[in-house]
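Me: I would like a close look at one part of this protein, set against the rest of the chain. Please keep it plain.

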Amino acid sequence: MKIGICEDSIEEQTQYLNCFQKLGYSDIAVFNSGEELLEKMPSLDLLFLDIEMDKISGIQIKNIFEEKKKNTYIVFYTKHTEVMQEGFGANVLGFIYKPITLHEIKLYIDKTSIKLEQNYPVYINNNTYVSSDDILYIEADHNYTVLYMADNYKNLVRKSIDNWLTELAPCGFIRIHRSYIVNMYNINHIDTSSIILVNGRRLNISRKMLSTTKEAFENFQLKLFNKSLLY
């Protein structure tokens, strides 16, 4: 995960970095001002952003990122609750009130991990991508694969199902058959020998993979339950 801090106080930067170090994160991008951040415009997964800085405010930066860096999630850092109303946005996860705590930092890192896992960009070609969350399942078709989407659209891609599994396993995809990998976020339930997707489509599980598929889905549901306690 690529994490950044935009904070004009050296003391508070140090508090952040100490928290990240305790959580096992060492490669943190630090920006001393809004001007420096906007000049570099880095690609970040998560940005901890001081809402009140000189010259360019955190609110202004948030508005720019919503246009130019839509994949960056933002957590605001503030002393004053009255500025919260201006801080809400599509990619704003929440607010931390000074002084920061290790628990709050970990909470927002975990929330970002969940969102990144569900919204991983899957490239259909060099110029087009879809969100992993919108893929129901992928089917092998000779030298191609077919991506079945939640909106009933299909994408034909020249890529092996093995390569898709390597790429998408961290996003909750599992192989249930020689010809199918399935997005566990979009499984409704599993019966004796097949899975039923959220759109009602039924896919058979191969005998060899039946036990491992059921076990993997049970573990996945448990993980979702544990992560739901974050919200």
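Which residue in strand 14 is the bridge partner of isoleucine 187?

Reply: The bridge partner of isoleucine 187 in strand 14 is leucine 197. The model is a predicted one, and what follows describes that prediction.

Start with the sheet around this pair. Strand 14 covers residues 194-197, and its antiparallel pairing with strand 13 runs over three bridges. Together with a further strand they make an open sheet of three strands, ordered 13-14-15 and antiparallel in pairing. Strand 13 (187-190) and strand 15 (202-204) are at the edges with a single partner strand each, so one side of each has no neighbour in the sheet. From one strand to the next, the twist averages 25 degrees.

Isoleucine 187 also gives a reference point for another part of the chain. Between its C-alpha atom and that of leucine 156 there are 22 Å in space, and the two residues are 31 apart in sequence. Leucine 156 belongs to strand 10. Its relative accessible area is 55%; because the cut-off for exposed is over 50%, leucine 156 counts as exposed.

Strand 10 is part of a second open sheet, this one with five strands in the order 10-9-8-12-11 and antiparallel pairing. The edge strands here are strand 10 and strand 11 (173-177), each of which pairs on one side only. The twist in this sheet averages 20 degrees from one strand to the next.

In a regular strand, side chains alternate between the two faces of the sheet. Strand 10 shows such an alternation: Asn155 and Val157 point to one face and are buried, while Lys154 and Leu156 point to the other face and are not buried.

The neighbour of strand 10 is strand 9, and the two pair in the antiparallel sense over four bridges. One of the contacts across this pair joins tyrosine 148 to its bridge partner in strand 10, lysine 154. Strands 9 and 10 form a hairpin with four residues between them. Asparagine 152 is in that turn and has a positive phi of about 75 degrees. Most residues other than glycine have a negative phi. Asparagine 152 is placed in the loop that joins strand 9 (144-149) to strand 10 (154-157), and it counts as exposed because its relative accessibility is 66%.

On to the next strand of the sheet. Strand 8 (residues 135-141) pairs with strand 9 in the antiparallel sense, over six bridges. Across that pairing, isoleucine 138 stands opposite leucine 147 in strand 9.

A positive phi also turns up at methionine 41, where the value is near 40 degrees. Methionine 41 sits in the loop between helix 2 (34-40) and strand 3 (46-50).

Now the helices. Helix 5 (residues 102-118) has 17 residues, which at 1.5 Å a residue should span 24 Å; the C-alpha atoms at its ends are 25 Å apart, so the two values agree. The buried residues of helix 5 are Glu104, Ile105, Leu107, Tyr108, Ile109, Lys111, Thr112, Ile114 and Glu117. In helix 3 (residues 58-68) one finds phenylalanine 65. Its relative accessibility is 1%, so phenylalanine 65 counts as buried. The C-alpha atoms of phenylalanine 65 and asparagine 91 are separated by 9.1 Å, although the residues are 26 apart along the chain.

Helix 5 also takes part in the largest pocket. Helix 5 and strand 7 (129-131) are the elements that give two or more residues to the lining of this pocket. The volume of the pocket is about 400 Å³. Its lining holds 18 residues, and those nearest the centre are Asp45, Lys70, Asn71, Thr72 and Pro121. Sorted by class, the lining has six nonpolar, six polar and six charged residues.

Last, the chain as a whole. The secondary structure comes to seven helices and 15 strands. Along the principal axes, the C-alpha atoms fill a box of roughly 60 × 35 × 30 Å. Of the 231 residues in the protein chain, 44% are buried.

Methods
Residues are numbered from 1 along each chain as its sequence is written. This is a predicted model: local features need pLDDT of at least 70, side-chain atom pairs count only at pLDDT 80 or more; totals for chains, interfaces and linings use all residues. Side-chain values use heavy atoms; hydrogens and water are left out. The expected span of a helix is 1.5 Å times one less than its number of residues. Buried means under 20% relative accessible area, exposed over 50%, partly exposed in between (1.4 Å probe, protein chains only). Two strands pair if DSSP finds at least two bridges between them. Axes are lines fitted to C-alpha atoms, for helices over the stretch in contact, and angles run from 0 to 180 degrees between N-to-C directions. On a 1 Å grid over the protein atoms alone, a cavity is a set of points where a 1.4 Å probe fits but cannot get out, and a pocket is an open set with protein on both sides within 12 Å along at least five of seven lines; lining residues have an atom within 4 Å of a point. Grid points are joined across faces, edges and corners, and a volume is the space filled by probe spheres set on the points. Ala, Val, Leu, Ile, Met, Phe, Trp, Tyr, Cys and Pro count as nonpolar, Asp, Glu, Lys and Arg as charged, and the others, Gly among them, as polar.
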